[in-house]
Amino acid sequence: MGNEVTLSVLFGFISSVLLAIVAYFVKQLHADFKVMEKDISEVKTMALIIKTEFKSSYEILNKKVKNLEQRIGKIELYQFKNHDHEK
């Protein structure tokens, strides 16, 4: 009977140590996931900022192109009128 008690105590000790090791690694994994979640949040924020900057740059370029097209249209119209007037 004394042998059974020591065997069950030894088994209980080993299972407790193994569970403590598993709990430690689960805790580390949880901390890593929290850090990864924070990093992903920062990446999303940076992507949104970059997207907004590109969108505003695109809109500015579009306005400049439209302005230049209008100016070219006016110059062409002026050239056609001058060319017709010279004839």
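This is a short chat about a predicted model of one chain.

Visitor: What should I know about the model and its numbering?
Guide: It's predicted, so local features need pLDDT of at least 70 and side-chain atom pairs count only at pLDDT 80 or more, while totals for chains, interfaces and linings use all residues. Residues are numbered from 1 along each chain as its sequence is written, and side-chain values use heavy atoms, with hydrogens and water left out.

Visitor: OK, how many helices and strands does the chain have?
Guide: One helix and zero strands. Both are DSSP runs numbered from the N terminus: helices are H or I with at least four residues, strands E with at least two. Helix H1 covers residues 2-86.

Visitor: What box do the C-alpha atoms fill?
Guide: Roughly 125 × 15 × 10 Å along the principal axes. The radius of gyration is 37 Å, against near 12 Å for a compact globule of 87 residues. That radius is taken over C-alpha atoms, and the globule rule is 2.2 Å times the number of residues to the power 0.38.

Visitor: What share of the residues is buried?
Guide: 0% of the 87. Buried means under 20% relative accessible area, exposed over 50%, partly exposed in between (1.4 Å probe, protein chains only).

Visitor: And Phe25, buried or exposed?
Guide: Phe25 counts as exposed because its relative accessibility is 53%. Phe25 sits in helix H1.

Visitor: What about Asn67?
Guide: Asn67 is in helix H1 too, and is partly exposed at 41% relative accessible area.

Visitor: Where's Lys51 relative to Asn67?
Guide: The two are 16 residues apart in sequence and 24 Å apart in space, C-alpha to C-alpha.
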